[in-house]
Amino acid sequence: MSLVVQRSDVSEFRRRFRWIALAMVVLLFVLIGRLFQLQILEGEDNKAIARENIVRRITLATTRGIIRDRNGKVLAASRPSYNLYVVPEKIDMQVVWPRLVEYLGVGVDERARLEALLTNIRASDGPRKSQQILLKEDISRDAVATLRTHDAELPFVDVVPVPVRYYPYEEVGAHALGYMVEVDAEKLSKLRSAGYVEGDRVGATGIERAWESYLRGTRGWEKVLVDAKGRRRSGGEGIIEEPRRVDPIPGRDLRLTLDADIQRAIDKAMRGELAGGVALIDVRTGRIIGLYSKPSYDPNALSGGSGKQVIRDAFRRLYSDPLKPALDKTISGAYPPGSTFKPFTALAALEKGLIDHRQASNCRGALTFGKRTFRCTHVHGPVDLHQGIAESCNVYFYRLAAELGVGMDVIAEMGQRFGLGTKTGLGVNAEAAGRMPTRAWMTLRNKGQFRLGFGLNAAIGQGATTVTVLQLALAYAALANGGTLYQPQIVRAVETSAGTVVQEFAPRVRRQIEVSPENISLVQKALYAGVNSEAGTAFKARVLGVDMAGKTGTAQVSHKLARGAEAERVWYFNREHAWFAGYSPSRAPEVAVVVLVEHGGAGGKHAAPVAFEVVRAYNELARERAPRAGVNNAGHKPKPDRGGAP
């Protein structure tokens with residue numbers, strides 16, 4: 001009996017053993033199959049995934065090109081900065097986060113703001129919570145040192161060096177230079193094909209925007225070894241595939257025609273005024289030496305590095321200021337030129353043979369035309385063309401339009417010849433075209449009605465006539481050089497970071513204006529008298545040692561602020577615009593200068609003194625620099641720039 005039981009047990013054991021063995025064999029085949037799948041069939045893919053987990057490709061920021069003035073002074077460059085990046089969903093809010101804010105040294109409010117940002121991203125369903133995001137810009141060097149010392153305690157926290165745009169002259173010349181902004185989603189969709197990524201900055205205005213493709217450069221990249229917590233580790237030989245690094249290519253540098261010292265001199269000369277624009281141009285080349293708009297802004301506050309909240313606050317102040325600091329008043333603003341336009345009306349009359357410049361017209365302080373009285377500044381008595389310009393007699397020019405056939409079309413055609421009412425094509429900011437109104441335009445604007453009084457206003461640069469500061473400066477440069485209208489130029493050359501010139505831009509002539517030299521000479525003499533004769537409107541603004549010819553202007557503005565506005569604002573915004581336009585020296589002109597003091601009042605009192613101070617600074621700088629340049633200034637006759645002689 002016992003033998004039977006023993007045999008049965010053995011049989012059962014053998015049966016079970018066979019099943020276990022079979023299961024082990026099957027399991028072995030499954031493991032071998034899985035191993036075959038992982039190692040052979042999916043080997044390369046798994047290898048790549050494993051490599052991605054420990055090898056990270058990081059972007060190497062490029063260096064944006066430097067912008068220098070015509071003498072090599074830096075107007076815009078990049079300074080080193082450090083940004084803090086984190087992976088939101090990986091941050092341990094109980095342990096790592098308190099350490100991180102302690103090492104950053106941020107205040108209570110800043111800590112609350114950053115914590116709210118992280119909490120919102122962690123609670124969202126978007127991909128950002130698993131991606132590295134920019135948490136804080138431009139952290140201090142002390143904070144960087146502390147964070148790097150405690151790197152092991154801060155998994156998924158990264159400090160990345162990035163260059164930040166820096167403008168050493170701050171508000172001076174900001175409109176011409178422009179500023180940088182972070183690309184938003186809309187811009188990024190258009191720029192991604194050009195290599196831009198989220199977080200990049202791009203030129204928003206001025207030269208920064210217009211020359212973005214030259215200044216930007218090309219970013220590089222590097223493969224680095226990281227551990228399971230995302231921290232960088234050294235080594236990687238045999239793990240990281242070649243190439244391991246592509247160096248960034250820095251952007252091109254720009255050499256401008258602007259003069260930083262002149263820009264500062266303009267700023268100093270304009271300190272007593274609230275708003276306006278100034279342009280100083282080389283009459284022999286069209287190169288812009290000074291281009292200044294007030295009020296201005298600090299582009300450092302807008303271009304990054306100070307944090308998004310600071311940038312938002314800066315923009316809010318910029319666009320809520322009634323003096324419109326965001327507007328480039330030299331290019332983007334169009335204003336009635338007032339009496340600075342009279343030389344062009346005079347040329348129109350002379351060229352058409354409608355007047356004899358010696359014939360006098362009697363000014364009694366006003367001219368009644370139809371039902372309206374057109375007023376002059378005071379009673380001038382008998383004035384000819386020379387006196388009409390020098391003493392700025394409105395009645396003389398009213399009569400040209402009312403009695404001698406110098407109509408709107410004749411005036412507009414002459415203004416257009418000198419580039420007024422047409423965009424200059426400078427291209428650094430949104431540019432206003434201005435307007436030279438014609439009879440047809442005025443008729444259309446007034447629902448089919450045209451009144452001859454429109455022509456009287458046009459003759460003195462009022463009514464619908466508007467120009468920009470830059471247009472007027474180019475037009476006066478053409479008056480000074482005998483009729484050559486230049487294309488304005490603000491970038492002289494493109495250079496490498498080593499200073500090698502890659503591309504140089506020669507002056508370009510827009511057109512040679514067909515005007516009789518004798519007629520231009522008559523106007524030039526009148527402009528000289530406007531400054532240097534005792535009855536000239538700019539006589540009292542003269543500065544010893546500054547030889548100038550020019551014309552003042554006091555342009556009436558539309559009285560829009562009357563009711564419901566603060567009395568102080570009404571007083572200011574209802575004042576006339578003050579103008580001065582001229583050139584220096586009077587006999588061998590080098591520069592043309594135009595000053596607009598927005599709502600400044602009388603041109604001879606507020607604009608002309610600024611122009612004289614600017615030209616005096618130009619002359620002093622020229623004398624200081626001449627010995628350094630090896631030029632004997634005694635008896636030296638200025639030579640035109642290469643290729644720039646009219």
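**Figure 1. Helices α12 and α14 cross in a left-handed sense.** The model shown here and in the other views is predicted. The two axes, that of α12 and that of α14 (residues 394–403), come within 11 Å and cross at roughly 40°. That angle makes α12 oblique to α14. On the α12 side the contact is made by K342, T345, A346 and A349, and on the α14 side by N394, F397 and L400. Sorted by class, the residues of this contact are four nonpolar, two polar and one charged.

**Figure 2. T345 of helix α12 and its surroundings.** T345 has a relative accessible area of 0% and is buried. With neighbours within four places in sequence left aside, the residues in contact with T345 are F397, L400, V406, I411, A458 and A459. F397 and L400 also belong to the α14 side of the contact between α12 and α14.

**Figure 3. Packing of helix α12 (residues 342–351) with helix α18 (residues 469–481).** The axes of α12 and α18 are 11 Å apart, and the helices pack at an angle of about 50°. This makes α12 oblique to α18. The crossing in which α12 passes α18 is left-handed. From α12, the residues P343, F344 and L347 meet L472, A475, Y476 and L479 of α18. The contact of α12 with α18 consists of seven nonpolar residues, with no polar and no charged ones.

**Figure 4. L474 in helix α18.** L474 counts as buried, at 2% relative accessibility. Residues up to four places away in sequence not counted, L474 touches I281, T424, L485, Y486, P488 and R510. The C-alpha atom of L474 is separated by 7.8 Å from that of F418, and the two residues are 56 residues apart along the chain.

**Figure 5. The buried residues of helix α3 (residues 96–104).** The buried residues of α3 are V96, W97, L100, V101, Y103 and L104. They lie on the same side of α3, because the arc they cover around the axis is only 160°. An α-helix has 3.6 residues a turn, so residues three or four places apart point the same way. The elements that cover the buried residues of α3 include the strands β3 (74–86), β4 (133–136) and β5 (157–166). Also among them are the helices α4 (108–123) and α5 (141–149). Just after α3 comes G105, with a positive phi of about 75°.

**Figure 6. Positive phi at D138 and E170, neither of them a glycine.** D138 is found in the loop between β4 and α5, and its phi is near 50°. The relative accessible area of D138 is 26%, which makes D138 partly exposed. β4 and α5, which flank this loop, are among the elements that cover the buried residues of α3. E170 lies in the loop between β5 and α6 (174–177) and has a phi of about 50°. With a relative accessible area of 46%, E170 is partly exposed.

**Figure 7. Cis peptide bonds before P295 and P585.** The bond from K294 to P295 is cis, with omega near -5°. P295 has its place in the loop between β13 (288–294) and α11 (308–320). The bond from S584 to P585 is cis, with omega near -15°. P585 is found in the loop between β23 (577–584) and β24 (591–597).

**Figure 8. N457 in helix α17 (residues 453–459).** N457 is buried, with a relative accessible area of 16%, where under 20% is the limit for a buried residue. Neighbours within four places in sequence left aside, N457 is in contact with R372, F374, Q462 and G463.

Key. Residues numbered from 1 in each chain as written. Predicted model: local features only at pLDDT ≥ 70, side-chain atom pairs only at ≥ 80, totals over all residues. Heavy atoms only, no water. Buried < 20%, exposed > 50% of the residue type's maximum accessible area, 1.4 Å probe, protein only. Helix = DSSP H or I, 4+ residues; strand = E, 2+ residues; numbered from the N terminus. Arc of directions from axis to C-beta. Contact = heavy atoms within 4.5 Å. Axes fitted to C-alpha atoms, helices over the stretch in contact; angles between N-to-C directions. Parallel < 35°, antiparallel > 145°, perpendicular 65-115°, else oblique. Left-handed = near helix turned anticlockwise from the far one by under 90°. Nonpolar A, V, L, I, M, F, W, Y, C, P; charged D, E, K, R; others polar.
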